[in-house]
Amino acid sequence: MKVTGLLPIRLLPFPAPGRLAGLSLALLRATALEVAILAGHLLLYPSGIIQERRSEETGPAPDGAAPLPTRALPPVVLLHGFIDNRSVFVLLRRFLAQHGRQQLTSLNYSPLTCDVRTAAALLGRHIEEICQRTGSDRVDVVGHSLGGLIARYYVQRLGGDTRVRTLVTLGTPHSGTRVVPMANAHPIVRQMRPGSALMEELSRPAPDCRTRFICFWSDLDHLMDPVAAARLDHPDLPTQNVQVTGIGHLALPVHPAVAARIRQALDDTSTDTSAPARTGTRAARANGLRLA
């Protein structure tokens, strides 16, 4: 699997047979991986229904593995996607714990949640409680799919940039997705549509935002229509968009290469997120990110 930066996906009007065969094979592999991940996730799903106990939030790395030496880094908050729960982060959480992150919290929001704004306000209360309990001024957040959109609303519209240092989003419909039109019966799905009132609100100016955004989007994400919907393009938000090739939506929180890039982003202390970073935004867009 290859992760690249801000390289647009260009399809030829009449792809050569060899190109079509390569694309079909990649799609077949990605689909098979998605099915396998879905099967495993269905087995783990019951274990994540109950909200996490505080005793689970810290402690030694899983399986008795000795964690690497720790630095003074913020707690990490993991936020799942639509109709999901914290079990989606089992592998990512283990990976981060083994690499020195000992303050990890996986939050559940209700599957009956019908409004991104309400969920974002609840996330804010959870983060305030986490900061009070850990003594940290700021946190890092990793959000999968809808979880990333909830966290973005908290950061951008509810003043959460004072608390969130880095927000990593995985397959989040930042500009809205048109997938599964029949799902419009659910109010939160309607909020995730292009042109919705929520999307219009998120497109408004957000001057002096102090949160750094790392946004992963995949060229084979079947829940993003268009696939580039998971990119974040906002003039006021310091953003690095990372294109992932060859895997689908469900693989983003579990793939080892993505996990390694997430850890790298969370460990990066070179960016001063206490001040606006518009210059950093432009540099990220110009240079892109690559991971072989």
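**Entry 1: the strands around β2**

I started with β2 and β3, which pair in the parallel sense over four bridges. I kept in mind that this is a predicted model. For one contact in that pairing I looked up V76 and found L104 as the bridge partner in β3. Between the two strands sits helix α2 (residues 90–98), and β2, α2 and β3 together make a right-handed β-α-β unit.

Then I turned to the pairing of β2 with strand β4 (residues 139–144), which is also parallel and has four bridges. Here V76 stands opposite D140, so V76 has a partner in β3 as well as one in β4.

Is β2 covered on one face or on both? I found both faces of this strand (residues 76–79) covered. V76 and L78 are buried on one side, V77 and L79 on the other.

**Entry 2: a stop at T105**

I picked T105 in strand β3 (residues 104–107). T105 has a relative accessible area of 5%, and because the cut-off for buried is under 20%, I noted T105 as buried. I also checked T105 against L78 of β2: the two are 27 residues apart along the chain, and their C-alpha atoms are separated by 6.1 Å.

**Entry 3: salt bridges**

How many salt bridges does the model have? The count came to 14, and I followed a few of them.

I went back to D140, the residue opposite V76, and found its side chain in a salt bridge with R165, at 2.8 Å from N to O. The pair links distant parts of the chain, with D140 in strand β4 and R165 in strand β5 (residues 164–170), 25 residues apart. I wondered whether D140 is buried or exposed. D140 is buried, at a relative accessible area of 0%, and R165 counts as buried too, at 9%.

My next pair was R210 and D161, whose side chains meet in a salt bridge of 3.3 Å, N to O. R210 lies in the loop between α6 (197–202) and β6 (212–218), and D161 in the loop between α4 (146–157) and β5, so this pair ties together parts that are 49 residues apart in sequence. R210 counts as partly exposed at 31% relative accessibility, whereas D161 is buried at 9%.

The last pair I looked up was D233 and R231, with the closest N and O atoms 3.4 Å apart. D233 is partly exposed, with a relative accessible area of 48%, while R231 counts as buried at 18%. I also noted a network: salt bridges that share partners join R101, D140, R165, R263 and D267.

**Entry 4: cavities**

I finished with the enclosed spaces and counted two cavities of 30 Å³ or more. The largest holds about 50 Å³ of space. Which residues line the largest cavity? I listed L79, L107, N108, Y109, A119, L122, L123, H126 and I150. Helix α3 (residues 116–134) gives the largest share of this lining, with four residues. By class I noted seven nonpolar, two polar and no charged residues. I was pleased to meet L79 again here, one of the buried residues of β2.

The second largest cavity has about 30 Å³ of space. I found its lining made of F82, I83, Y109, S110, P111, T113, L146 and I188. Six of these residues are nonpolar, two are polar and none is charged. Y109 turned up in both of my lists, lining the largest cavity and the second largest.

Technical notes:
Residues numbered from 1 in each chain as written. Predicted model: local features only at pLDDT ≥ 70, side-chain atom pairs only at ≥ 80, totals over all residues. Heavy atoms only, no water. 1 Å grid on protein atoms, 1.4 Å probe; cavity = no way out; pocket = protein on both sides within 12 Å on 5 of 7 lines; lining within 4 Å. Points joined across faces, edges and corners; volume = space filled by probe spheres on them. Nonpolar A, V, L, I, M, F, W, Y, C, P; charged D, E, K, R; others polar. Buried < 20%, exposed > 50% of the residue type's maximum accessible area, 1.4 Å probe, protein only. Pairing = 2+ DSSP bridges. Right-handed = clockwise from strand over helix to strand, strands pointing away. Salt bridge = Lys/Arg side-chain N within 4 Å of Asp/Glu carboxyl O.
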